[in-house]
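Subject: The structure I promised you

Hi,

Here is the structure we talked about, with some notes on what turned up in it. Have it open while you read, and look up each residue as you get to it.

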Amino acid sequence: MGWRVLLFSCLLASLSTHVRCQVALDLMGFGPDNPASLQLVMFAQNNPFPPNYTTSSGIPVSDPGTVMTAGPNGPMLVQDTSFFNELQHFDRERIPERVVHAKGTGAMGSFTVTNTEITNFSGASLFNQVGKTTPIFIRFSQVAGESGSADTVRDARGFAIKFYTEEGNWDLVGLNMPVFWIRDPLLFPSFVHSQKRNPVTHLRDWNMYWDFLSLMPETTLMSMFVHSDLGIPQNYRMMNGFGPNTFSLVNNQGEYVFCKFHMVSNQGIANMDPSTATQVAGADPDYYIRDLFNSISLGNFPSWNLSVQVMTPSQAKNFAWNPFDATKLWPLTEYPLIPVGIITLDENPDNYFDRVEQVGFDPQRLIPGIETSPDKLLQGRLFSYTDTHMHRLGVNNELIKVNAPLQTAKVANRQRDGAARTDNNQDGSPNYYPNSFNGPIANPRGKQAAYQVSGMVAAYDTSNEDNFSQATWFWNQLTSDERSRLVSNIAGTLGLAAPFIQERAVNNYLQVSDDFGNALAASLGINPASK
């Protein structure tokens, strides 16, 4: 233990006081205060008698560590079925990695209703009674990094919740930021490509990153959120969650309003400074994953208050800007939060791959009482997420345990067969509709609210819509120290881009504030363009 103490003492000596104790606890412990390190020990204690080794078909294997050969030095034999069974599965044990949100962790818990005011707006069954509890699964993740990247890099974080209701699964797919980078879904592949690796060098390329952001002024507000203190949370427990997209709530009378969802951390908000984040990334790149696992194992169950903002159709019609623009906020002063309930995580997955890796979240999984809206980005996501899951997990991905609805939400439709069909294939029920043999019938609970649309069909360019007023509001909320850190964080990577990209980005930030743009120009050592 002596070398370990020395190593971490050197590391911790350079950390700020407010995180030193936390990092020491999480990085040094290999005992009861760090349950993640005890997983195998606990397994052995709970399973004192080892089972007999078998193939995946349950056939006994006499020697799991030795192949069959013709003589002690001879070639292998094709008849060694144990070898082929082992290696064929090993060759396929990695499913395709998520293109975005590749690295993350998750946990199970519950959602409990604390206020039924939302039932004035939504007929969703999970909201209809104070004290009603619904099982949930939450996955937290990075956005840009691969599965092996360090947890504490600067990035937005995914905050996705699966509610297992009696009327099917509701997936609330969100972030720890209240807005998104873009408003048109056709730009999503380009945005993601700019955040990932250069296809020639296979390196993160700050020319790509800042070229896209500077050419798309609508990313300004989100870029400020990501490069603010919020860009590196202290852990997954101490950050808020948001559904950046606009949804509709529909009550039992068929009346609808538009809404945004908010998850406010009961642990408070805490962030990590960049130098500490870099040190932690080197010492424990899985710091966030370990923190959540250990916290839940030790009975420190994290929780968030779920609330909604509500906007009526008439308010949306007269709103100052497009209310369905995912790059903008709804002001809390005009649309205050309505409390709904509390989300609590109290159980770690018993197998990471089974739950966290195979879970799939899809914004089209909406239950009666919660519907879509004209939000363009949401409309694009309704296709993209489903298509991604079918590629990554297969056409029957919703049969996987973590994705399957509760037994009380019985699945009945005309979908049959397909790869990895692991249930009873809906028995002998007719696989067509309509039919005369007691197949599933229409359910009026699934009827969606009608709303009027009009306008000429065209590809509308929204790039020149108001891209800076809310960014100006955000800048004005920051303290002097927070502004300095924002400028420093942006300059740190923007300074690695080509000079003309730097100038274009600075010009965008000048539209936010002269002080902001000039401070960034000074930090980069360039002359700002005129506003």
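Let's start with the stretch from residue 54 to residue 441: the C-alpha atoms at its ends lie 45 Å apart, and the span is 22% helix and 19% strand. UniProt, in an unreviewed entry, lists residues 54-441 as "domain: Catalase core". Keep in mind that this is a predicted model.

The same kind of record also marks a single residue: Tyr 385 carries the UniProt annotation "binding site", again from an unreviewed entry. You'll find Tyr 385 in helix H12, which runs over residues 376-392. Which residues does Tyr 385 touch, leaving aside its neighbours within four places in sequence? They are Val 173, Phe 361, Asp 362 and Pro 363.

Next, have a look at helix H5 (residues 188-195). Its buried residues are Phe 191, Val 192, Ser 194 and Gln 195. These sit on the same side of H5, because they cover an arc of only 160 degrees around the axis. If that seems odd, remember that an α-helix has 3.6 residues a turn, so residues three or four places apart point the same way. And what do the buried residues of H5 pack against? The partner is helix H6 (206-215).

Helix H6 comes back in the salt bridges. The structure holds 19 of them, and I picked out a few for you.

One joins the side chains of Arg 504 and Asp 211, at 2.4 Å from N to O. It links distant parts of the chain, with Arg 504 in helix H15 (residues 499-512) and Asp 211 in helix H6, 293 residues apart. Arg 504 counts as partly exposed because its relative accessibility is 24%, and Asp 211 is partly exposed too, at 26%.

Another pairs Glu 166 with Lys 132, at 2.6 Å from N to O. Glu 166 lies in the loop between strands E3 (157-165) and E4 (168-175), while Lys 132 is in the loop between strands E1 (104-113) and E2 (133-142), so the pair ties together parts that are 34 residues apart in sequence. Are the two partners buried or partly exposed? Glu 166 is partly exposed, with a relative accessible area of 31%, whereas Lys 132 is buried, at 18%. The cut-off matters here: buried means under 20%.

A third salt bridge brings together the side chains of Arg 365 and Glu 398, at 3.1 Å from N to O. Here too, distant parts of the chain are linked: Arg 365 is in the loop between helix H11 (352-357) and strand E10 (370-371), and Glu 398 is in the loop between H12 and helix H13 (469-477), 33 residues apart. Arg 365 is buried, with a relative accessible area of 9%, but Glu 398 is partly exposed, at 42%. This pair also belongs to a network of salt bridges, in which Arg 365 and Glu 398 are linked with Lys 162 and Asp 171.

Last, a look at the surface. Val 264, Leu 332 and Leu 337 make a nonpolar patch there of about 220 Å². Leu 337 is found in the loop between helix H10 (313-317) and strand E9 (338-347), and it counts as partly exposed because its relative accessibility is 33%.

Write back if you get stuck anywhere.

Cheers

Technical notes
Residues numbered from 1 in each chain as written. Predicted model: local features only at pLDDT ≥ 70, side-chain atom pairs only at ≥ 80, totals over all residues. Heavy atoms only, no water. Patch = residues over 30% accessible without salt bridge, like charges linked within 9 Å, V, L, I, M, F, W, Y side chains within 5 Å. Areas by Shrake-Rupley, 256 points an atom, 1.4 Å probe, with all protein chains shown as cover. Salt bridge = Lys/Arg side-chain N within 4 Å of Asp/Glu carboxyl O. Helix = DSSP H or I, 4+ residues; strand = E, 2+ residues; numbered from the N terminus. Buried < 20%, exposed > 50% of the residue type's maximum accessible area, 1.4 Å probe, protein only. UniProt positions renumbered as here; feature names shortened; annotations may be inferred. Arc of directions from axis to C-beta. Contact = heavy atoms within 4.5 Å.
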